[in-house]
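Okay, everyone settled? I'll put the thing up on the screen and then just walk you through it.

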Amino acid sequence: MIPLLFGITIISFAMMHLAPGEPSVVGQELNPRISAHDIERLRSYYGLDKPLSVQYWRWLKRLVHLDFGNSFSADSRPVIDKIAERLPVTLWINVLAILLILAVAIPIGVASAVHQDSWGDRIMTVLVFVGFAIPSFWLGLMLMIGLGVNLNWLPISGIHSYGWQHMDFWERQRDLVRHLTMPVLVSAIAGLAGMSRFMRSGMLEVIRADFITTARAMGVPETRIRYRLALKNALLPIITLLGLSIPGLIGGSVIIEQLFSVPGMGQLFYQAVLSRDYPLIMGITVIGAVLTLLGNLLADVAYAWADPRIRHGGKG
Amino acid sequence: MTRSQAALAFCRRHPMLVAGGIIVGTVSLLALLAPWLAPYDPTDINVKAILLPPSWQHWCGTDTLGRDVFSRMLYGARVSLAVGFVAVGIAMLIGILLGAVAGYGGKLADSLIMRWTDMVLCFPTFFLILAVIAFLKPSIWNIMIVIGLTSWMGVARLVRAEFLSLRQREFVLAARATGIPAVRIIGRHLLPNAMGPILVSAILGVAGAVLVESGLSFLGLGVQPPNPSWGNILTEGKDNIQIAWWLSLYPGLAILVTVLGYNLLGEGLRDYFDPKMSGRP
């Protein structure tokens, strides 16, 4: 965990410094008559004249205090403030997407496994393949055209309606839910396909296990076997898969937030990329990686909590 | 059994492989023959034919500059497939190299390379790609390189796992005992035996790269207009979502079908190589 964290900072730092053009050069572009002396002054101001190891150490020390420096943009606010105000929306959308994935994919996967090779199972298999292949932003566009433009059921951009400040509490919540429905749905689609497929194969594997055969031989009712014994064991790998799916969800938020004009971290990142706001880019990249790491750690802890074989350090 | 009966039996047994093969073959053919098939020049601006809905003259309608969307999609197929193949080629090269060293080079190399792989896996790939694109300029070459540089991790792990199990097998031990150099053992004995899973992952990788390229182009950070790409036609679709549904519908369908084809082909091949594994995700 800690070495990984170090590695993440080293990769981010290396990327920042391997990139062509440092801040002083950026200044030079703006002012072609800048003198060599001034460039030196700028370099020492940013600490760019020090050896890389010293620069890395300084950067790391500031990182520990969550100080990612100031944004290059006109407001030059601290990067961490900019991220902090954008992060909640992104987290909300992703958490809701994960909940939606779990709520829909697990029953579908179990049903497909229990009724293997039935028509329902076959249709689900086809849908899973389509779900894997569908570009999320295109699905978003289609939903926008269908539900937003043609039927006018859901708003197609932003997270608040015009004049939401004047609504009462419940109206505001309803407004927010209406705005978040499509982004959450679109974020969830790839995960839905993956998770239901995974659940199906996990369930199929467990059903063939020896202890299930034993339970059948002992006369345990089939429903109890399926939905208590088998399901419990098939659910375990889902935890790991959830942990693994976090980078994809966070990465996908760039496209989804851009598509639906959601003011979240993904949109902030996109704007940072367009304006080459390096401190902001690096800050978000590090935070994204740390979030992933946290997600994996949570998954490991949850796995240990759910699986006594791992908790007691035995061999699985 | 006659030849046609055998072919039919093969289709029955490997429906995914056949369906994937047909889709991939058709899309590749359309891309290759784009200059002969396209009814219009993909960059030809025609102010008299702006935003026309699909008709017999323009099968998929026209865009905001009066360009024929169908022709642009044909040329877009070339872009998507080229990016897919080159990016996957780069990823395979890095992945196989690192995986081979990790799987055959001893404990130290293994743990170093695998830690490195874990670290890179922590970064949301799309963030990494966007961050690098921000430093470089968005162009088709940079996109190929960047997607390649950020998608080798799966192959590296796969090759390592294959090598670790293969190196214990008798024929490899025998080769080592006769003093054949490691590079030759890897090239002659290990790689050919791991080729099946590598091929499967390469084909699935093309599907992934096509998706990423279209996403990048959709964000305006990929293939730059006026060059056509499925992703950047969709950007126009988004900008004209209230009035021109055809700009959004068709390029997306093209992406969907292409990615589906490569996924089916990959999964089908996996089953073909290793029937035991069928039914796995």
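So, helix H8 of chain B: which of its residues are buried? In H8(B) they are Met153(B), Val155(B), Ala156(B), Arg157(B), Val159(B), Arg160(B), Glu162(B) and Phe163(B). Do notice that the list has Arg157(B), Arg160(B) and Glu162(B) in it, next to Val155(B), Val159(B) and Phe163(B). As for partners, the buried residues of H8(B) pack against H4, H5 and H10 of chain B. A general reminder here: an α-helix has 3.6 residues a turn, so positions three or four places apart point the same way. The helix runs over residues 153–166, and its geometry checks out: 14 residues at 1.5 Å each should span 20 Å, and the end C-alpha atoms are indeed 20 Å apart.

I should say right away that this is a predicted model. For chain A, the average pLDDT is 81, and 92% of the residues score at least 70. Where does confidence in chain A drop lowest? That would be helix H2, residues 23–30, with a mean of 52, whereas helix H5 of chain A, residues 79–114, has the highest value at 89. So please don't read much into H2 of chain A today, given that mean of 52.

Let me stay with chain B for a bit. There are twelve helices in chain B and zero strands, so reading along the sequence you just get α after α. Its C-alpha atoms fill a box of roughly 75 × 60 × 30 Å along the principal axes. Of the 281 residues in chain B, 47% are buried. And if you take the contacts in chain B between residues at least 6 apart in sequence, 70% of them join residues at least 24 apart.

One of the helices H8(B) packs against is H10 of chain B, and that's where Ile185(B) sits. Is Ile185(B) buried or exposed? In between, actually: Ile185(B) has 19 other C-beta atoms within 10 Å, and because the cut-off for buried is 20 or more, Ile185(B) comes out as partly exposed. Setting aside neighbours within four places in sequence, Ile185(B) is in contact with Val172(B), Ala175(B), Arg176(B), Ile180(B) and Leu190(B). Leu98(B), on the other hand, is 87 residues away along the chain, and its C-alpha atom is 16 Å from that of Ile185(B).

Further on, in the loop between H10 and H11 of chain B, you find Pro226(B). Have a look at the bond joining Pro225(B) and Pro226(B): that's a cis peptide, with omega at about 10 degrees.

Over to chain A. It has 13 helices and, again, zero strands. Its radius of gyration is 25 Å, well over the 20 Å that the globule rule gives for 316 residues, so chain A is more spread out than a compact globule. The box for the C-alpha atoms of chain A is roughly 85 × 55 × 35 Å, and 36% of the 316 residues count as buried.

Two loop residues in chain A deserve a click. Asp117(A), in the loop between H5 and helix H6 (119–133) of chain A, has a positive phi of about 65 degrees although it isn't a glycine. Asp117(A) is exposed, with 10 other C-beta atoms within 10 Å. The other one is Ser261(A), between helix H10 (222–260) and helix H11 (265–274) of chain A. Phi of Ser261(A) is positive too, near 50 degrees, but Ser261(A) counts as partly exposed, with 13 C-beta neighbours inside 10 Å.

Now, how do the chains meet? The contact takes 45 residues from chain A and 37 from chain B. On the chain B side, H5, H6, H10, H11 and H12 each supply at least two residues. That side of chain B divides into 24 nonpolar, nine polar and four charged residues.

Last stop, the core. The largest nonpolar core has 153 residues, and the ones with the most contacts inside it are Phe269(A), Ile284(A), Met73(B) and Leu130(B). Helix H4 of chain B, residues 69–104, gives the largest share of this core, 19 residues. Take Leu130(B): beyond its neighbours within four places in sequence, Leu130(B) is in contact with Leu221(B), and across in chain A with Val254(A), Phe269(A) and Val273(A). Okay, over to you.

Methods. Residues numbered from 1 in each chain as written. Chains lettered and ligands numbered in written order. Predicted model: local features only at pLDDT ≥ 70, side-chain atom pairs only at ≥ 80, totals over all residues. pLDDT = per-residue confidence, 0-100. Helix = DSSP H or I, 4+ residues; strand = E, 2+ residues; numbered from the N terminus. Contact = placed C-beta atoms within 7 Å. Nonpolar A, V, L, I, M, F, W, Y, C, P; charged D, E, K, R; others polar. Rg over C-alpha atoms; globule rule 2.2 N^0.38 Å. Buried ≥ 20, exposed ≤ 12 C-beta atoms within 10 Å, placed from the backbone. Core = buried A, V, L, I, M, F, W, Y, C linked by C-beta atoms within 7 Å. Expected span 1.5 Å × (residues − 1).
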